[in-house]
Amino acid sequence: MKSKRIKILGACVLGLSVTLCGLVMPKAYAANAVDINQMCSIEFSLQNSVYDAAAEPDGALEKTEDFAELNDLLVRVKLYKVADIKETGDYAAVHGFEELELGRIDHSDVAAVWEKRAKKAKALLREDEAPDAVVTLENGTGKAEGLSAGMYLIVADEVQSSHFTYTFKENLISLPNNYYDVNGSDGWTYDLTGKNAVGLKPDREELKGNLVIDKEESETIVNKTDKHTIVTNVVKTGDTAKVLLFSLMTCISGIVFLMTVVFVIKNRKKDV
């Protein structure tokens, strides 16, 4: 009888343990194993550009329209691998990026935390660091293929239009990526294309007026702005020197003339 009670109690404890384990298992580890040997691809689309909707909830649509001009520019995007990915979905930083401590990341980290990591990753880049891939966006899209699995730093070059300078925030992306929180699927996506294409984080600054010096008969300073042009005529350095020389010669001539008059008057007085 005692032996039977012990078995029943043991079965209850085991059942409770399994139940608790199921409750505390993180969703991040519910995904299938990563095929670390499968090649990945990534497509960039300016239509999917990331804006801070939380900071500007009423201006998100307007801001998207403001950046429409980017579709007409060539945007160069570089990718640097900062970590390898394990079959479990964890990351191991590659040489030079150990300070990112990607092996200790919390899968519930918010966007602001990842932005700080991306800035730090960019700061860790060596001046002679060669990108693992370079993509040039034409008509707002571009694609890189044949990338090994891992985490990549995205760095887009500054571009200019006739009125604005556009810069882009650095970003980190996982290849492959998992969209469990979006669609509830445990599968890994190795090709981030189409609806999974990656956007950028653009910002813009209006170009200032340019100072142009045009030297002809007189030196003209032209201050060009987007709305009007201000033209101011000034005397050139060479013309100023000529005026000073002429003034000096005039003074000397005046002094000589006065001395001559004084000399003549004195001589007349002597004769008298």
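**A predicted chain seen through its side-chain pairings**

Glu101 makes a good place to start: at a relative accessibility of 44%, this residue counts as partly exposed. The structure described here is a predicted model. In that model, Glu101 sits in the loop that runs between strand β3 (91-93) and helix α3 (111-123). Its backbone deserves a second look, since Glu101 is not a glycine and yet has a positive phi of about 50°. The side chain of Glu101 also has a partner, for it meets the side chain of Arg104 in a salt bridge, with 3.8 Å from N to O. Arg104 itself is exposed, as its relative accessible area of 68% is over 50%.

With that loop in view, the chain as a whole can be introduced. The protein chain is built with 5 helices and 16 strands. It has 272 residues, of which 29% count as buried. Contacts between residues at least 6 apart in sequence join, in 67% of cases, residues at least 24 apart. The accessible surface of the chain amounts to about 18,800 Å², and carbon and sulfur atoms account for 55% of that area. One part of this surface is a nonpolar patch formed by Leu248, Met249, Ile252 and Val256, which together have about 360 Å² of accessible area. Leu248, one of these four residues, belongs to helix α5, spanning residues 237-271.

Aromatic side chains come next. A pair of aromatic rings is described by two values, the distance of the centres and the angle of the planes. The search of the whole structure returns 2 aromatic pairs. In one of them, formed by Phe164 and Tyr166, the ring centres are 6.2 Å apart and the planes stand at 55° to each other, so the pair is classed as tilted, the term for angles that are neither under 30 degrees nor over 60. Phe164 and Tyr166 are both buried. Together with Phe67, these two residues make up one aromatic cluster. The ring of Phe164 has a charged partner as well: the charged end of Arg204 sits over this ring, 4.2 Å from its centre. A similar kind of arrangement can be found elsewhere in the chain, where the charged end of Arg117 lies over the ring of Trp114 at 4.5 Å from the ring centre.

Which residues does Glu69 contact once its neighbours within four places in sequence are left aside? The answer leads back to the aromatic residues, since Glu69 is in contact with Phe164 and Tyr166, and also with Ser161. Glu69 and Ser161 are 92 residues apart along the chain, while their C-alpha atoms are separated by 8.1 Å. Glu69 is located in the loop between helix α2 (60-66) and strand β2 (75-85). Its relative accessibility is 25%, and Glu69 therefore counts as partly exposed.

Charged pairs form a further theme. Side chains of opposite charge can pair when their charged atoms come close. The structure contains 9 salt bridges, among them the bridge between Arg104 and Glu101 already described. In another, the side chains of Arg126 and Glu129 meet at 3.2 Å from N to O; here Arg126 is partly exposed, with a relative accessible area of 49%. Glu145 and Lys143 likewise join their side chains in a salt bridge, at 3.4 Å from N to O. How exposed are these two partners? Glu145 has a relative accessible area of 59% and is exposed, whereas Lys143, at 44% relative accessibility, counts as partly exposed. Salt bridges also link Arg76, Lys78 and Asp157 in a network.

Two further backbone features round off the picture. Asn139, a residue other than glycine, has a positive phi near 55°. This residue lies in the loop that separates strand β4 (133-137) from strand β5 (141-147), and with a relative accessible area of 67% Asn139 is exposed. Elsewhere, the peptide bond leading from Leu175 to Pro176 is cis, its omega being near 0°. Pro176 is placed in the loop between strand β9 (171-175) and strand β10 (177-178).

How values were computed
Residues numbered from 1 in each chain as written. Predicted model: local features only at pLDDT ≥ 70, side-chain atom pairs only at ≥ 80, totals over all residues. Heavy atoms only, no water. Helix = DSSP H or I, 4+ residues; strand = E, 2+ residues; numbered from the N terminus. Buried < 20%, exposed > 50% of the residue type's maximum accessible area, 1.4 Å probe, protein only. Contact = heavy atoms within 4.5 Å. Areas by Shrake-Rupley, 256 points an atom, 1.4 Å probe, with all protein chains shown as cover. Patch = residues over 30% accessible without salt bridge, like charges linked within 9 Å, V, L, I, M, F, W, Y side chains within 5 Å. Salt bridge = Lys/Arg side-chain N within 4 Å of Asp/Glu carboxyl O. Phe/Tyr/Trp six-rings, centres within 6.5 Å; stacked < 30°, edge-to-face > 60°. Lys NZ or Arg CZ within 6 Å of the ring centre and 35° of its normal.
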